Amino acid sequence: MLVIFSCKKTELTGSEFNTVISFDRNNLEGKKKEQYLDSIVALLKLQKNDSTIRNLYFKISTEYYYNNNLEKSLSTSLVALHLSKEVNDKEGIAKALFYVGDSYGNIKKDSAYFYYVQAEKLYYQLSDYDNMSKMLFNKAYVLFYDGNYIECEVEISKALKYLKESKDLRLIYSCNTLMGNCLEKLDNYDKALWYHQLALNSLEKMKLTDIDKKEISDYNITSIINICNLYDLKGEYSKSIKKLKGLLSKEFKEKSPRLYANVLSNLAYSKMKNKQYHNVYVMFSKSLEMVEKSGDELDVLYKKIHIGEYFLTQKDTVKAIKILREANQLAIRLKNSNEILTSLRLLSGLDKKQSLYYSNEYIKLSDSINIVQKNAHEKYARIEYETSRIEDENKILTNKNFNILIISFVLILLLVIVFVLRYFKYKNKELKFLKMQQKANEEIYLLLTDQHENINVARDNEKAKIAKELHDGIMNKIYGVRMNLGFFNAKSESEIVEKRKEYISELQNIENEIRTISHDLSRGSFFEGNDFNVLLLALIDNQKEISTTRFKYRNDEKLDWSTIQNIYKINLYRIIQEAILNINKYANAKNCDIIIQRKSNNRLKLCITDDGEGFDVENKKNGIGLLNMKERANLLKGHFTIVSKIGMGTKIQIIFYLNSVAQD
């Protein structure tokens, strides 16, 4: 009987995750444990995908696996695979593929093989050669139990090649053991012994580590059993008997009853082959009893076939046929083709009545096994090929995606360049427009300056004229009246009195003439101080003829425009002009108030309010008029605000911080 160490899942340690959820497989068993695991899975579905949650799924899959619920182990492994792919966690993906393969196990060997192949490829990409070797071992394990020993030898050879520098002594032991068993099936007994000896050598290295001593002891016994099987095949039964006897002890029986039963059965088998029949049946019976208690039906099958062979040596045909029929039925139920063939072969020679039936069944099964093994060989080769082809297609797809990405990047870059160029072109136009606007403002300023100069010249001319009138006209008249009054002061005739009255009347005329000139001068002074108001009033009065909106202009009486720089006046005028234009075009307003006030801290406030249709400030794209007003306000470092709602009119407010006195 072959004994193979299975390099399956190793239990995750608590250090792999940080969570309040914890459990121990020794504390719960069977359905209770499964219910507890189900509750944790339900809780995990509500959690965010992170490394802790993914590690918990791996641990739960392991616990389901050891609880012999491969279906739930598979489902949780597939969830871990999905979550790992979701965040492109390559290590998690490889680990999940490995777990999915293990969950399929002996149920769907081809599916298990498929996932092991994928995990192997990914571990190779990650340069994780230990785990890659583990996948090669798992592939070889599947091939071994499908009877594909040549391919199994190839996969194990690859694994051992990558394990030369590895410190994973368990995996090295497993690979050497499986290679020895594989070579045994290929009838290369000496080479098989050599590999089993290598497995024992790795156990010596294990003793220097912190690996549990009982585990090492179990590995050692497994290797001795495998070596003794080879001695039996070579006919060296005495060697086998000597080694197996040395293993049996009361302590061994108590610590590892199942392994003890295997040693006892193998010892009985070696003694039987060596024709030492004393106590053999007792040993077989005791070992069968022990494995039946453990519930391992495969071990029960092996023991029954050995007992059948024993009865055959004792020529007890009835008992031999009975026990071999039981073995045959069990082998059929377990779908163990090798032991079905063994039981049929033995029965065909024993049961004379049904010898032909057993012989035919043996031939049919043998032929079908050959076909299955051939198909299995082709199937696994096809899996390797199809996986490789998928990888090639993925590489092609990756290259295509990379090319698409490069082309997309170039196109986006070109679009960005075009956008930047258009943006700079727009900014240049904007700068040109601002320069033109500034130039226009300068021209307006020069025109206003010229107008101011003309007003000053006209005022000076008027003053000169008035001075001349005063000097040449009124002064002469006053002088003449004064002289005549002085002359008539000395006389008192009635005729003289009348003359004096005439001169007094003349003085009144001179007084009226002076008053008229004074009023003219006063009107000239008022115009000089309020010329900007005159411009604004003229602008607003002009709307009466062209607009249905009633415009009102109010000015702070304390505001002295002569102290305001012309640049502020120009921009205020243009802002008001633009606002009036917008109101006439869009607002349909009945009334509009324009108010200019001088506030504290040297601030000048302009407020334009209408009762028109209004608009949505948040959604409406600003037009050129509003932008111009805003830019003029920004030019003078003013604060521009606009408040409007549909159906509730519009309010524009601008506050300027005046710098200094006007410069003409």
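**Reading helices and residues, step by step**

Guide: Let's start with Thr 650, which counts as buried because its relative accessibility is 11%, below the 20% cut-off. Keep in mind that this is a predicted model.

Visitor: Okay! Where is Thr 650 found?

Guide: Look for strand β5, which covers residues 650-657. Thr 650 belongs to that strand.

Visitor: And which residues is Thr 650 in contact with, leaving aside its neighbours within four places in sequence?

Guide: There's a group of them: Ile 608, Thr 609, Asp 610, Gly 614, Phe 615, Ile 642, Val 643 and Ser 644. With Ser 644 there is also a polar contact, side chain to side chain, of 3.0 Å.

Visitor: Let's turn to helices. How are two packed helices described?

Guide: You give the angle between their axes and the distance between the axes. Try it on helix α15 (residues 297-313) and helix α16 (residues 317-334): their axes come within 8 Å and cross at roughly 155 degrees. An angle over 145 degrees counts as roughly antiparallel, so that is how α15 runs relative to α16. The crossing of this pair is left-handed.

Visitor: Which residues make the contact between α15 and α16?

Guide: From α15, they include Leu 298, Leu 301, Ile 305 and Phe 311. On the α16 side, you'll find Ile 323, Leu 324, Ala 327 and Leu 330 among them. Sorted by class, the residues of this contact are 14 nonpolar, one polar and five charged.

Visitor: What about α8 and α10: at what angle do their axes cross?

Guide: Roughly 15 degrees, with the axes of α8 (residues 169-185) and α10 (residues 213-233) coming within 11 Å. Angles under 35 degrees count as roughly parallel, so α8 and α10 get that label. Here, too, the crossing is left-handed.

Visitor: Which residues of α8 meet α10?

Guide: Arg 170, Tyr 173, Thr 177, Asn 181 and Glu 184 do. Their partners in α10 include Tyr 219, Ser 223, Asn 226 and Asn 229. By class, the contact of α8 with α10 has four nonpolar, six polar and three charged residues.

Visitor: Is Asn 266 buried or exposed?

Guide: Buried, because its relative accessible area is 3% and the cut-off is 20%. You can find Asn 266 in helix α13, residues 257-273. Its side chain makes a polar contact of 3.3 Å with the side chain of Asn 229, a residue you've just met in α10.

Visitor: How far apart are the C-alpha atoms of Asn 266 and Asn 226?

Guide: They are separated by 9.9 Å. Along the chain, Asn 266 and Asn 226 are 40 residues apart.

Visitor: One more thing to read: backbone angles. Which sign does phi of Asp 187 have?

Guide: Positive: phi is near 65 degrees, and Asp 187 is a residue other than glycine. Asp 187 sits in the loop between α8 and α9. With a relative accessible area of 54%, Asp 187 is exposed, as the cut-off for that word is over 50%.

Visitor: And what is phi of Lys 275?

Guide: About 65 degrees, again a positive value in a residue that is not a glycine. Go to the loop between α13 and α14 to find Lys 275. Lys 275 is exposed, with a relative accessible area of 65%.

Notes
Residues numbered from 1 in each chain as written. Predicted model: local features only at pLDDT ≥ 70, side-chain atom pairs only at ≥ 80, totals over all residues. Heavy atoms only, no water. Axes fitted to C-alpha atoms, helices over the stretch in contact; angles between N-to-C directions. Helix = DSSP H or I, 4+ residues; strand = E, 2+ residues; numbered from the N terminus. Parallel < 35°, antiparallel > 145°, perpendicular 65-115°, else oblique. Left-handed = near helix turned anticlockwise from the far one by under 90°. Contact = heavy atoms within 4.5 Å. Nonpolar A, V, L, I, M, F, W, Y, C, P; charged D, E, K, R; others polar. Buried < 20%, exposed > 50% of the residue type's maximum accessible area, 1.4 Å probe, protein only. Polar contact = N/O pair within 3.5 Å; in protein donor to acceptor, adjacent residues only side chain to side chain.
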